[in-house]
Amino acid sequence: NKTQIEQKVDSLLKLMTLEEKIGQMVQYAAGGDLTGPKSSQGNKTKASKIKKGLVGSLLNVVSVREVREAQVLAMQSRLKIPLIFGYDVIHGFKTMFPIPSGESASWDLNIIKQSASIAAKEAAASGLNWTFAPMVDVSRDARWGRIMEGGGEDPYLNSVIGVARINGFQGDDLSNKYTIAACAKHFAGYGFAEAGRDYNTVSISEYDLHNVILPPFKAAKEVISVMSEDI
C-alpha cells in the first residue's frame, strides 16, 4: 500500500549518498538526440554511470532488448534502483492516431482517452514506463509548430482533454503493466512564445497566467509528473 511504499522510499533515501541522489535526476538519451546528452559519443561512460547508480532515466530507448540491456546494468549498482524509460508517445506508439490538435476537434473525450490507453499498452509492451504527454499548454499562434501537440486555444477544452489523456495513459492503477506514467507539459507559458518561434520570449499578463495558462495544469492534478522546462 501507499504507506509501505513511502516507508521503503524513506529507507532507501537514507541509504543513498549525495552523488547517488543527484544521479537519480540524470537522464541520458539514446543515440545523438538533441534533447539529451549525446550518448553515442560515450556509451562506455554511460554504461559505467548506470552501473554506479548515477543515472535515473533513459530517453528514446524503445525496444525490449535495449531496455533489458540497460536494466541489467542498473541492477549491478549498489542499491539496484531500476531505470525509468521515457519516450514522446504523443499520438500513438505503434498504432498512429490523429495528432492531439486533430483529436481535440472531435470533442470526444472517451475516444481521446481510449487512444491514449492503446498507446500506453503498446509502449509498455516495449518496456517504456513514461511518456512526455499530454501537452496542456494553451497556444494560439499557429506559426508555432508544437501547437499540434495540444488541445487547442481554449483553457477549458485543453483541461478536459488533458485529463482524458492522463487517465488513458495512467489508468486507475499504475501498477497495472498496461499503463505508463504521464507528464503534463511543457513549462507554464511555453505555448505563448512570440512569433511562433520555439524557446522564444514570452510576455504574459497576470490575468492570462491565472485564467488561461495555469487552469489546464491545475486540472492535471492526477498526473505523475510535470515538465519543468523543455531544452
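Helix 7 and helix 8 (residues 206–219) pack with their axes 8 Å apart and at an angle of about 20°, where axes are lines fitted to C-alpha atoms, for helices over the stretch in contact, and angles run from 0 to 180 degrees between N-to-C directions. Helix 7 is therefore roughly parallel to helix 8, a label given to angles under 35 degrees, with over 145 counting as roughly antiparallel, 65 to 115 as roughly perpendicular and the rest as oblique. Pro155, Asn158, Ser159 and Val163 in helix 7 meet Asn211, Val212, Pro215, Pro216 and Ala219 in helix 8, contact meaning heavy atoms within 4.5 Å. The residues of this contact of helix 7 with helix 8 divide into six nonpolar, three polar and no charged; here Ala, Val, Leu, Ile, Met, Phe, Trp, Tyr, Cys and Pro count as nonpolar, Asp, Glu, Lys and Arg as charged, and the others, Gly among them, as polar.

This is a predicted model, in which local features need pLDDT of at least 70 and side-chain atom pairs count only at pLDDT 80 or more, while totals for chains, interfaces and linings use all residues. Residues are numbered from 1 along each chain as its sequence is written, and side-chain values use heavy atoms, with hydrogens and water left out.

Helix 7 (residues 155–170) also packs with helix 6 (residues 109–125), their axes coming within 7 Å and crossing at roughly 35°. Among the residues in this contact are Leu109, Ile112 and Lys113 of helix 6, and Val160, Ile161 and Arg165 of helix 7. The residues of the contact of helix 6 with helix 7 divide into nine nonpolar, three polar and two charged.

The chain as a whole has eight helices and six strands, which are DSSP runs numbered from the N terminus (helices H or I, at least four residues; strands E, at least two). Buried residues, those under 20% relative accessible area (exposed is over 50%, partly exposed in between, with a 1.4 Å probe and protein chains only), make up 41% of the 231 residues.

Two residues other than glycine have positive phi values, as tabulated below.

| Residue | Phi | Loop |
|---|---|---|
| Asn60 | near 70° | between strand 2 (57–59) and helix 4 (64–74) |
| Lys80 | near 55° | between helix 4 and strand 3 (84–87) |

Asn60 counts as buried because its relative accessibility is 18%, whereas Lys80, with a relative accessible area of 47%, is partly exposed.

Cis peptide bonds are found between Ala133 and Pro134, with omega about 10°, and from Lys185 to His186, with omega near 0°.
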